[in-house]
Amino acid sequence: MTNKYEGYYSGKKGEMLNNQYQIQKELGSGTFGSVFQCIDKQRSKYVAVKILRAIDKYYEAGQAELKTLIQIRPLSCQQVVEVLDYFDFSGHLCIVFPLYGQTLLELLKANEFRGYNIDWTRELSKSFLLGIQAVHSLSKVHTDIKPENIMSKGKPVSTTVRGRVFVHPPGADLVLIDLGSAVEVDKRKPVLVCTRQYRPPEVMLGLDFDYKLDVWSAGCCMFETITGRTLFRTHNTVCHLMQIQKILGKMPVNMYQQAAQLKRCKEIDSYDLQTGLWCFPSNYDEFEKQALAGIKTIEDELEGNKYSLIHLIRWMLRWDPNERPTIQQVLEHPFFNDPPRDTKGIQTDADDWKDVIDAFVNGQVSEQDFIAWWKKVGK
Ligand SMILES: Nc1ncnc2c1ncn2[C@@H]1O[C@H](COP(=O)(O)OP(=O)(O)OP(=O)(O)O)[C@@H](O)[C@H]1O
């Protein structure tokens with residue numbers, strides 16, 4: 001039955017869709033529709049059926065998602081959701097996917113938000129970055145990279161390491177889902193895309209965005225994978241920009257100048273041109289002040305981890321999208337070539353390299369020079 005006002009389909013257990021898919025239970029729902037676990041009666045296997053809302057704009061969004069899914073199929077990328085079938089059912093566009101395990105958010109929750117160790121973080125990140133790379137190869141920006149849109153392919157398993165149980169995907173197989181917000185890079189419009197916590201500054205400022213939007217969001221997801229914590233926790237744009245400022249330092253003035261010229265950012269008055277700082281808006285919540293006080297620099301937040309990871313996340317989280325690496329550069333970063341290490345041994349390389357780190361943080365060493373040095377010292 002369709003909810004007349006919101007257009008969601010409320011599927012009942014046992015109901016047949018398209019004479020082939022029998023509904024078992026609802027797996028989740030989002031802005032665009034609901035996802036049900038079903039049994040494919042023809043192939044005798046479980047599948048996930050996304051039933052788009054029966055409202056024109058969501059039907060059209062579903063068609064756009066389908067188009068991207070079909071375009072990406074020839075790449076045979078194992079890290080992007082696969083489309084198995086699609087059909088119209090009572091005015092709802094339905095898309096059939098393999099049944100995956102749990103979202104990265106659910107996995108982090110199952111581990112009580114303790115985060116994964118560095119070796120798991122490397123493998124899990126590589127997996128979803130390859131998914132993003134496939135989307136970018138179609139000249140599209142995903143625009144909604146977040147732990148809820150990254151899923152374990154298989155049913156998660158529990159492993160005990162030194163008395164501690166942790167839940168993880170079998171292998172490190174993750175898959176990027178929800179291509180419903182993907183936009184062609186040439187046809188993108190300066191609209192408010194991306195889920196709040198993973199939204200980069202250029203989107204908040206109303207500037208044009210491109211592939212580097214996904215790089216920012218992926219950096220936030222990598223931070224969350226290693227720490228178990230969401231990097232930016234706020235619902236207010238200015239407070240969000242202030243949190244970024246606390247972590248990364250001052251926003252480049254040219255970004256303010258562009259935003260002021262384009263006049264798409266209604267919070268622009270909270271930027272103080274004299275000090276070059278974002279300042280609390282009049283409508284901020286006391287909670288926002290506390291959240292800001294709890295924020296440290298990336299180096300402090302990730303203290304105790306290998307510097308290659310700290311360096312990479314810092315690079316992915318540059319204010320200026322032009323200074324962020326491409327997904328290709330991310331995947332080629334030394335972090336992904338580090339030999340796996342046991343959690344006990346990883347402590348920190350940072351002490352050995354303090355001078356180079358300081359030079360990088362102070363802007364005296366460029367990314368390229370840093371990587372060249374890195375390769376030279378055999379890392
Ligand atoms: N193939 C799948 N297997 C198992 N569960 C799935 C699958 N696809 C989606 N889900 C579940 O359904 C939820 C919603 O899916 P999806 O993100 O595609 O919907 P949406 O309406 O586009 O959401 P959003 O509002 O985030 O854009 C997911 O977070 C996940 O929990």
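Is Gln37 buried or exposed? Gln37 is buried, because its relative accessible area is 12%, under the 20% that marks a buried residue. The legends below describe a predicted model.

**Figure 1. Overview of the protein chain in the predicted model.** The chain has 379 residues, and 52% of them are buried. Its secondary structure consists of 13 helices and 14 strands. Of the contacts with a separation of 6 or more, 66% are between residues 24 or more positions apart. The accessible surface is about 17600 Å². Carbon and sulfur atoms account for 49% of that surface.

**Figure 2. Close-up of Gln37 in strand β3.** Strand β3 covers residues 33–40, and Gln37 lies within this strand. The side chain of Gln37 forms a polar contact of 2.6 Å with the side chain of Gln24. Neighbours within four places in sequence are left out of the contacts given here. Gln22, Ile23, Gln24, Lys25 and Leu27 are in contact with Gln37. Tyr46, Val47 and Leu99 are also in contact with Gln37.

**Figure 3. Close-up of Lys50, a residue with a UniProt annotation.** The unreviewed UniProt entry lists Lys50 under "binding site". Lys50 is part of strand β4, which spans residues 45–52. With a relative accessibility of 8%, Lys50 counts as buried, because buried means under 20%.

**Figure 4. Surroundings of Lys50.** Which side chain makes a polar contact with the side chain of Lys50? The partner is Glu65, at 3.1 Å. Glu65 also appears among the residues in contact with Lys50 once neighbours within four places in sequence are set aside. Phe32, Ser34 and Val35 belong to that group as well. The remaining residues in contact with Lys50 are Leu93, Cys94, Ile95, Phe97 and Asp178.

**Figure 5. Hairpin of strands β9 and β10.** Strand β9 is made up of residues 157–161, and strand β10 of residues 164–168. The two strands run antiparallel and are joined by 5 bridges. Ser158 stands opposite Val167, a residue of β10. How many residues lie between the strands of this hairpin? There are 2, and in this hairpin Arg162 adopts a positive phi near 45°. In a regular strand, side chains alternate between the two faces of the sheet.

Methods: Residues numbered from 1 in each chain as written. Predicted model: local features only at pLDDT ≥ 70, side-chain atom pairs only at ≥ 80, totals over all residues. Heavy atoms only, no water. UniProt positions renumbered as here; feature names shortened; annotations may be inferred. Helix = DSSP H or I, 4+ residues; strand = E, 2+ residues; numbered from the N terminus. Buried < 20%, exposed > 50% of the residue type's maximum accessible area, 1.4 Å probe, protein only. Contact = heavy atoms within 4.5 Å. Polar contact = N/O pair within 3.5 Å; in protein donor to acceptor, adjacent residues only side chain to side chain. Areas by Shrake-Rupley, 256 points an atom, 1.4 Å probe, with all protein chains shown as cover. Pairing = 2+ DSSP bridges.
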